[in-house]
Amino acid sequence: MDIDSLKNEWEELNKEFTELENCNRRYIELLEQLHSRQQICFNEIKHQRYRMNQITASLRQFKGPVDVEVKEKVDELQKMTLKRKAQLHEIEQSLPAKSGRYLQIILGDVNVSILNRNDKVRYKDDYEKFKLILNVIGLIMAFFNLIFNYRALELAFIFLLVWYYCTLTIRESILKVNGSRIKGWWRAHHFISTVAAGVLLVWPQGEHWQIFRMQFMYFNVYISIVQYLQFGYQKGLLYRLKALGERHNMDITIEGFHSWMWRGLSFLLPFLFIGYWFQAYNAWTLYKLAFTPPDAPWHVSVMSGLFLLLFVGNMATTLWVVPEKIRERSKERYRLLSMGKSMKLRREVKNSASDMDLASSANGGSTTQAATMTKTPSESQQPPVDEKKEI
């Protein structure tokens with residue numbers, strides 16, 4: 001290739017770079033506009049909540065005996081307030097949220113908000129796959145620990161538990177920032193489990209550990225199987241509800257029951273309660289080990305208290321969540337309606353953007369055709385140059 005051809009190539013590259021600069025300039029302008037619009041939305045949401053709180057406080061004066069007409073208006077205002085709260089919640093899902101204190105300590109002041117709904121679903125699915133893979137690995141390692149009594153294998157398994165629960169707390173905090181409505185206890189459960197795994201990791205090998213060791217491994221095998229069953233039920237539940245358009249994409253807990261869901265839940269609940277009672281049995285065993293044999297290390301008492309705390313929290317939360325969610329059907333209905341409107345708005349915006357892209361492509365094509373028709377005969381006889389597709 002001669003020097004003139006290389007110079008022509010460079011000139012074409014310069015033209016493409018000019019287009020890149022224009023595209024980047026437009027991108028920066030859109031980013032600045034995006035930040036400005038986000039601040040406007042935050043201020044408007046704050047204003048809406050302030051005015052709603054004022055109206056709610058004023059409605060308290062109508063708690064006593066009032067006329068039928070006034071009571072109907074009060075009920076209507078209360079229903080509209082519930083609907084507006086659900087609408088504001090859906091609007092907030094499209095805006096960045098501040099990270100909690102835990103994420104700020106772990107990751108620093110980093111924005112972990114995922115604004116694209118498809119990316120949120122992808123991250124949530126990755127979270128579920130992560131739990132499934134680690135549960136299978138934990139099941140295999142616990143099974144090998146039942147067969148072989150090697151300290152290195154025990155420590156590897158316990159270290160896996162520490163890393164697993166630490167990672168879960170971070171991932172669930174990111175999900176919480178992005179709109180997941182996971183119950184506070186389930187997040188606290190994983191924090192407590194992280195502490196328990198850390199205590200197990202530093203528990204010295206001795207008589208007390210050897211007495212409790214087999215029971216602990218059997219417990220982990222059972223829990224891994226139950227978590228696998230729960231994963232299958234949960235994935236099927238979310239798939240059916242998302243197919244019906246009745247579920248938030250970031251939900252990861254067993255919530256929002258309908259009558260047809262009890263068939264799968266009735267199969268799962270006995271396994272969950274057996275696992276909870278297994279935790280209570282672990283607490284009782286460790287409590288007895290704290291006194292006999294003598295000279296028990298402090299790890300025994302601490303683990304007994306942690307297992308008891310997990311048992312009480314799991315039982316209380318599970319027994320409270322199911323009937324509570326059934327009673328919240330009216331609030332859930334407003335949330336689903338607002339989510340449907342939000343998704344419809346997103347589709348309209350996406351279709352509008354696609355139409356604009358098609359229009360701009362058509363204009364660009366006609367301009368290119370006109371430019372080709374105005375070429376000189378000498379230009380039209382030149383060999384074609386490889387064209388690059390526009391991004």
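**Helix packing around S173 and T317**

S173 is found in helix 5 of this predicted model. With a relative accessible area of 3%, S173 falls under the 20% cut-off and is therefore buried. Setting aside neighbours within four places in sequence, the contacts of S173 are Y102, L103 and R187. Of these, R187 belongs to the part of helix 6 that meets helix 5, and this pairing of helices is a good place to continue.

Two packed helices are described by the angle between their axes and the distance between the axes. Helix 5 covers residues 151-177 and helix 6 covers residues 184-202; they pack at an angle of about 155°, and their axes lie 9 Å apart. Because that angle is over 145 degrees, helix 5 counts as roughly antiparallel to helix 6. The crossing of the two helices is left-handed. On the helix 5 side, the contact is made by L155, I158, F159, L161, V162, Y165, C166, L168, T169, E172, S173 and K176. Facing them from helix 6 are W186, R187, H190, F191, S193, T194, A197, G198, L200 and L201. Sorted by class, this contact comprises 13 nonpolar, six polar and three charged residues.

W186, one of the helix 6 residues in that contact, also leads to another part of the chain, since T317 touches both W185 and W186 when residues up to four places away in sequence are not counted. T317 itself lies in helix 9, which runs over residues 298-327. The relative accessibility of T317 is 12%, so this residue, too, counts as buried.

Helix 1 offers a view of the other end of the numbering. Spanning residues 3-59, helix 1 has 57 residues and reaches 83 Å from its first C-alpha to its last, close to the 84 Å expected at 1.5 Å a residue. The buried residues of helix 1 are Q38, I45, M52 and L59. Helix 2 (68-93) is included in what covers them.

Stepping back to the whole chain, the model contains eleven helices and zero strands, so the order of elements from the N terminus is simply α-α-α-α-α-α-α-α-α-α-α. Of the 391 residues in the chain, 35% are buried. Among contacts between residues at least 6 apart in sequence, 79% join residues at least 24 apart. The contact of T317 with W185 and W186 gives a friendly example of two places in the sequence brought together in this way.

Definitions and conventions: Residues numbered from 1 in each chain as written. Predicted model: local features only at pLDDT ≥ 70, side-chain atom pairs only at ≥ 80, totals over all residues. Heavy atoms only, no water. Axes fitted to C-alpha atoms, helices over the stretch in contact; angles between N-to-C directions. Helix = DSSP H or I, 4+ residues; strand = E, 2+ residues; numbered from the N terminus. Parallel < 35°, antiparallel > 145°, perpendicular 65-115°, else oblique. Left-handed = near helix turned anticlockwise from the far one by under 90°. Contact = heavy atoms within 4.5 Å. Nonpolar A, V, L, I, M, F, W, Y, C, P; charged D, E, K, R; others polar. Expected span 1.5 Å × (residues − 1). Buried < 20%, exposed > 50% of the residue type's maximum accessible area, 1.4 Å probe, protein only.
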